[in-house]
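Visitor: I would like to learn how to read a structure like this one. Please take me through some of its features.

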Amino acid sequence: MMKNKFSEKFSAWLSGEVDLTEKIAEEKRTEAPSRISKKEEAEETKIIRSLEKKEIKLSFKEYKVLSVVFCVILIGILTATVYFLPTFASSDVPAVNEVYEHYVAQGRDETGAVNTVAGMILDYRAFDTLGESFVLFTATCAVLILMDDKHKKPKKEMHETVNYSRDPIVKSMAAILIPLILVFGAYILVNGHLSPGGGFSGGAILGAGFILYAMVYGDEQALKVLSERKIKVVTICSLSFYCLAKSYSFFTGNEFNGVHSVISAGTPGDILSGGLIMPLNIAVGLVVCCTMYSFYMLFKRGRMN
Amino acid sequence: MMDFLMNFPFITIVLSLFSAVVAFAFKGSRARFVTYFLLLAGAVMSCFVLAYNLSSETGYFVYRMGHYDAPIGNEISAGLLEPFFVLIFEVVMLLSVLGGKRRIFSDIPEEKQKLFYVMINLCHAALAALCYTNDIFTAYVFVEICTIASCSLLMASDKGKSLIAATRYMIFSLIGSGFLLIGIILIYSITGHLLFTNLYEAITLLWRDGSYNFPLTVAIGLIVSGLCVKSGLFPFHFWMPDTYGTATPAASAILSGVISKGYIFLLFKIIFRVIGFDVFLATGVQNILFVFGILGMVVGSVSAIRTKNIKFMIAFSSAAQIGYIYMGLGLGTRTALVASLFQIISHSLTKSMLFISAGGLCDAAGGKQDFASLRSCAHKNKVAGAVFLAGALSMVGVPIFAGFIPKLLFAASAFEGGAKMFFVLIALAVSTMLNVMYFMRTALTVYYPLGAENGAQAKTRACASFAVCTIVFIALNIAVGLNSQPISSLLEKGIELFMNVR
């Protein structure tokens, strides 16, 4: 009897008729031949369902308990680690080494940037920043894959959405603020190598300015000013420029290639100094700005046009 | 003149970033030609780098990314293993993209196909950077790109289920990234370095000194567990079936065959070049990897037996095979490490072949993936059936196929492993038995004789690129299986370089 059942089961498994992961479904199938009235059957499925629900609830409970336990353990370990870490800002820990000294002492002369952070991210460690700007590009493409659905009709504006363009206070304030914001963003971009800021922060300010414009004057108007095409062109040009410019400096950076870079650091403090830092800051800023603006448009409208 | 070849790793990375932008600028699915060109060019360049390193004295070079030397600037490095693995990844990606071409056209809406190819270019850039990097923060940046791009590969198919699968994958992947990032931050705040070479010196000194051993152990544990989560080691493999089952075959092949392997290669590189193998063994993390690797081998195979969806089965088998890699790392002997690296190669070649051919089989069965509908579909698509059979034989570990060599090496290494020998041998035996069970069942199902009820359907013609790619896959697999000696000696030399040359 037992053997017979096993071989039956085995042949069912072999032919792909039985899924051992779905136990309940299988039990139901084997019970089907026994004649029971429809009412009873319905009740039975009800019971099975409630059992199933109970099981799910139970596993949810287990899941909650386990996740809390796991988190508590992780928090405990990490807190203990922090206790054992070297003292912050003390001078005799191993983290204070020649790298840090070199950046502080010679960063200004070597890179030509008064803002040491800009010198670090766009000259010493420019490869990482190249990667970071491509993270933004990847994210934009990912949101485009997720959202940009040309078959769907544009969503109707929801009733609750406040139409700011009819509000005289918001509109007149925005008319004053938006140019200021954009000019400030551009200032931070261009002065990235001289003062705090740079590509990422300046680009975020520019992007915020355009988003404010879109909120106050409506998406259609904003898309007339900054269309999908323009955004694409700007992103593609900035990223290509970044790739080519940095390829040049990576290529010339290795002596065996026999080519020396013609770009000089200039006089630290001048607006035209710091070699490639200023153009790269502008490129990064434009990518950040376009990414923020297109995220806003895509998540609000579901598409870019 | 020969020195110019040292530029190739950097050109590979920047060229693939650049071609992602170029592909984005193109209209329609013409972007795919950019991808084909990039992958071909990348493969050729990796060959040159490998040849250069084989012929040079040290077999290893460091390339400055910028105008500044090691601890100040940024650099990439290439020994023997890096170009070799990049080459394997490129070949597998190219074959998967070409072989799954028809399914890409049918699964992904037309306007998104371009973005799909953009994402493949970005994945390639990230993988090349993960292999060549000599800086732990660069590694993290490209891990980020890899995570987003691989999620997008999943999202591209226009199905609700694939979105859920992508979300699930993203959650797991982000947890992994988070662990990795916390680990990197801890290491940086202790040592103050980011470059592999300097980190290695600092960590070795500090470990000998002993004052920061606890935070160092935690940081190493976090980095290792982060990369384990991302590559799908046993308790974290639950995203695999959904993800691989719903994505288009090319995406599943790339994800399982290449991307998870890229993370594992990065883990190897970090263990040897950052942490140092002696320190790694002293932390005891390898024992945990050993246990979970063995559990994964058994649990993954059992799950593969229980499911009735062919793609879920292959996905669970992936979890089992990744268990082998971690078991080798946990054993920690030289032969076991070679076996692990060999397992990465053979699994990468075989699993992508299985996913592509399973896609062909499902097409023949009318798009369904469960075994009942797959019955005797190998007669309808003969090429897919044959390729699946070859893949199954390789997975099980039949001689002349690539899958046989790592199993042999694992068994050989078990005898050096001391107390772990017993567990390794038993796990190998059990796992191989389970492998045979589920692959035999699949082979029997798809080669079920054509009966009256299912013989009437017309044969589906396999498209040319599918046939060519899958045949190249089989040829590669057999070539690797037959030429195991040069490859394993290359891997051994590579590990030697990883351990000793800085």
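Visitor: How many residues does each chain bring to the contact between chain A and chain B?

Guide: Keep in mind that this is a predicted model. Chain B brings 61 residues to the contact and chain A brings 50 residues. On the side of chain B that touches chain A, the largest share is 11 residues, from helix α6 (residues 136-155) of chain B. Sorted by class, that side of chain B has 38 nonpolar, 13 polar and 10 charged residues.

Visitor: What is the secondary structure of chain A?

Guide: Chain A has 11 helices and zero strands. Of its 305 residues, 28% are buried. Take the contacts in chain A between residues at least 6 apart in sequence: 71% of them join residues at least 24 apart.

Visitor: How do I read one helix, and which residues of α10(A) are buried?

Guide: An α-helix has 3.6 residues a turn, so residues three or four places apart point the same way. Now the case here. Helix α10 (residues 228-253) of chain A has 26 residues. From first C-alpha to last, α10(A) reaches 37 Å, close to the 38 Å expected at 1.5 Å a residue. Its buried residues are Ile231(A), Thr235(A), Ser238(A), Leu239(A), Tyr242(A), Cys243(A), Lys246(A), Phe250(A) and Gly253(A).

Visitor: What covers the buried residues of α10(A)?

Guide: The cover includes elements of both chains: α6 (126-147) and α11 (277-301) of chain A, and α1 (8-25) and β1 (61-65) of chain B.

Visitor: At what angle do helix α3 and helix α20 of chain B pack?

Guide: Helix α3 (residues 81-99) of chain B and helix α20 (residues 464-482) of chain B pack at about 150°, and their axes are 8 Å apart. Angles over 145 degrees count as roughly antiparallel, so α3(B) is roughly antiparallel to α20(B). The crossing of α3(B) past α20(B) is left-handed.

Visitor: Which residues make that contact?

Guide: From α3(B) come Leu95(B), Leu98(B) and Gly99(B). From α20(B) come Ser465(B), Phe466(B), Cys469(B), Thr470(B), Val472(B) and Phe473(B). By class, this contact of α3(B) with α20(B) has six nonpolar, three polar and no charged residues.

Visitor: Where is Ile400(B), and is Ile400(B) buried or exposed?

Guide: Ile400(B) is in the loop between α17 (382-396) and α18 (404-414) of chain B. Although Ile400(B) is not a glycine, it has a positive phi of about 75°. A residue is exposed if 12 or fewer other C-beta atoms lie within 10 Å of its own. Ile400(B) has 11 such neighbours, so it counts as exposed.

How values were computed:
Residues numbered from 1 in each chain as written. Chains lettered and ligands numbered in written order. Predicted model: local features only at pLDDT ≥ 70, side-chain atom pairs only at ≥ 80, totals over all residues. Contact = placed C-beta atoms within 7 Å. Helix = DSSP H or I, 4+ residues; strand = E, 2+ residues; numbered from the N terminus. Nonpolar A, V, L, I, M, F, W, Y, C, P; charged D, E, K, R; others polar. Axes fitted to C-alpha atoms, helices over the stretch in contact; angles between N-to-C directions. Parallel < 35°, antiparallel > 145°, perpendicular 65-115°, else oblique. Left-handed = near helix turned anticlockwise from the far one by under 90°. Buried ≥ 20, exposed ≤ 12 C-beta atoms within 10 Å, placed from the backbone. Expected span 1.5 Å × (residues − 1).
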